[in-house]
Amino acid sequence: MQTSDSNVGSPPISASIFELQQHSNTSSVGSSSRIPPLPVEILSEIFLHSMSDDLPFFPTQRLAPLIFTRICRQWREVALGLPWLWTQPRLIADDGFRERVSAYDLWLKRSRGCPLSLKLECYTDLSEARSLLQPYIQQISSLELTFWYCRDPFILEDFHGLKELVVHKYRGGPEQITDRSISKLPVNLHKMDISDLQWISCRRLDFVADSGWAHLTHLEINVHGLDAFPRILRLCPNLSFLMLHGIFHPIKNQEPITHTNLQRLHMCGDMYPTSSRNLGLFKVLTLPNLRGLQAAHMGRWPQEEFQAFLTRSKCSLERLAFCEVSLTVQQREEYAALVPCFEIIKI
């Protein structure tokens with residue numbers, strides 16, 4: 001079902017449904033003004049398109065999907081018969097968690113075994129949240145964790161159905177809490193975004209178990225110093241996509257590294273286009289299957305070093321993009337002739 005342009009500026013679906021609820025509550029039994037029944041297929045489409053990507057952490061009767069259960073008997077039966085309506089739970093583990101645990105549990109039960117996309121905000125002791133989630137662990141395929149004032153790590157190793165993980169950290173709590181939470185990941189997890197965490201240095205990566213990240217194929221991370229880059233490649237032999245943000249100090253470890261699976265590399269540093277600091281990164285790398293490279297805020301581009309990297313890697317580069325990187329006119333012309341898709345991205 002596609003929404004037309006004529007719906008732009010109209011009130012949210014949930015607000016209109018709330019008006020229907022008020023109408024239903026005030027209509028008398030047998031009144032001609034009662035809501036006429038709709039085909040189940042149409043109701044299902046309405047319910048699908050009224051679901052928000054950002055549900056509240058506190059279950060509320062005024063928003064989808066809970067409001068569907070309060071309009072009339074037909075709507076309630078249809079809503080409870082659609083498990084996918086209940087697959088985006090939002091939980092907040094704070095001092096009031098115990099008061100909401102029964103509502104959270106009812107929501108999870110209504111998903112009836114469907115894959116869950118879970119958001120969990122962690123403030124205090126996580127033992128009760130772990131206890132609640134235990135029967136549903138294998139259903140959770142996507143997890144977004146936010147650490148606030150949290151005292152304990154959230155151990156993920158037994159989340160065998162987990163495929164995607166996003167981790168945020170705000171305010172209080174030591175780095176060890178988040179580090180321990182992601183030190184050993186479940187074997188089926190392939191995509192992880194920890195770019196919101198504080199700068200991760202090569203030394204800090206010592207918290208990762210040798211095989212803890214081995215199954216990752218997609219990683220987004222913030223680093224402090226480029227020495228973390230080779231360490232990441234060694235920890236993640238199956239990586240095909242890497243997005244690297246952070247402070248790009250010159251690399252100190254000159255030990256060469258070859259990674260045969262990396263296909264796309266995005267790097268965003270902290271250098272002005274006029275900076276001539278030599279990072280030395282491409283001197284140690286060999287990436288034979290690299291297909292796309294995007295570089296931003298990396299100062300003057302190391303032309304000779306990069307050309308030697310391409311020759312050594314023998315990769316068939318299909319896309320090369322630069323943003324706020326200093327290139328000469330000759331370099332631009334050479335790359336435009338060499339790479340099928342060459343871009344200069346403007347902010």
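## Parallel sheet, helices and cores in a predicted model

In strand β12, arginine 319 is the bridge partner of glycine 292. This pair belongs to a predicted model, and it is one of the contacts by which β11 and β12, running parallel, are joined over seven bridges. Between these two strands the chain passes through helix α8 (residues 303-313), and the β-α-β crossover formed in this way is right-handed.

The wider setting is an open sheet of 11 strands with parallel pairing, in the order β1-β2-β3-β4-β5-β6-β7-β9-β11-β12-β13. At its edges stand β1 (90-93) and β13 (341-344), and because each has a single partner strand, one side of each is left without a neighbour in the sheet. Averaged over the sheet and with direction ignored, neighbouring strands are turned by 15° against each other. The protein chain as a whole comes to nine helices and 13 strands.

Glycine 292 also takes part in the pairing with β9, where arginine 264 has glycine 292 of β11 as its bridge partner. Strand β9 (residues 264-271) and strand β11 (residues 292-300) pair in the parallel sense over six bridges, and within this pairing methionine 267 stands opposite alanine 295 in β11. β9 is likewise parallel to β7, to which five bridges join it, and here methionine 243 stands opposite histidine 266 in β9. The three pairings are set side by side below.

| Strand pair | Sense | Bridges |
|---|---|---|
| β7 and β9 | parallel | five bridges |
| β9 and β11 | parallel | six bridges |
| β11 and β12 | parallel | seven bridges |

Two helices can be placed against these strands. Helix α7 (residues 228-235) packs on the sheet, where it touches β6 (218-224), β7 (241-247) and β9, and its direction makes about 155° with that of β7. Helix α9 (residues 329-338) lies across β12 (319-326) and β13, running at about 150° to β13.

The interior can be described through its nonpolar cores. In soluble globular proteins, nonpolar side chains tend to be buried together. In the largest nonpolar core, which has 81 residues, the members that touch the most others are Leu165, Trp213, Leu219, Leu242 and Trp301. Helix α7 gives the most to this core, with five residues. Once its neighbours within four places in sequence are set aside, leucine 219 is in contact with Met192, Ile194, Trp213, Ile232, Cys236, Leu239, Phe241, Leu242 and Met243. A second, separate core of 14 residues includes Leu66, Ile67, Ala79 and Leu82. Over the protein chain of 347 residues, 46% count as buried, and among contacts between residues at least 6 apart in sequence, 64% join residues at least 24 apart.

Ala79, a member of that second core, leads to helix α3 (residues 73-80), in which Trp75, Val78 and Ala79 are buried. These three cover an arc of only 100° around the axis, which means that they lie on the same side of α3. An α-helix has 3.6 residues a turn, so residues three or four places apart point the same way. The face of α3 turned away from the buried side carries the exposed residues Arg73 and Glu77.

Two residues call for a remark on their backbone conformation. Most residues other than glycine have a negative phi, and most peptide bonds are trans. Arginine 112, although not a glycine, has a positive phi of about 45°; arginine 112 is placed in the loop between α4 (97-110) and β2 (116-122), and because its relative accessibility is 52%, against a cut-off of over 50%, arginine 112 counts as exposed. Glutamate 324, also not a glycine, has a positive phi of about 55°, but its place is in strand β12, and with a relative accessibility of 35% glutamate 324 counts as partly exposed.

Technical notes
Residues numbered from 1 in each chain as written. Predicted model: local features only at pLDDT ≥ 70, side-chain atom pairs only at ≥ 80, totals over all residues. Heavy atoms only, no water. Pairing = 2+ DSSP bridges. Helix = DSSP H or I, 4+ residues; strand = E, 2+ residues; numbered from the N terminus. Axes fitted to C-alpha atoms, helices over the stretch in contact; angles between N-to-C directions. Contact = heavy atoms within 4.5 Å. Buried < 20%, exposed > 50% of the residue type's maximum accessible area, 1.4 Å probe, protein only. Arc of directions from axis to C-beta. Core = buried A, V, L, I, M, F, W, Y, C linked by side-chain atoms within 4.5 Å. Right-handed = clockwise from strand over helix to strand, strands pointing away.
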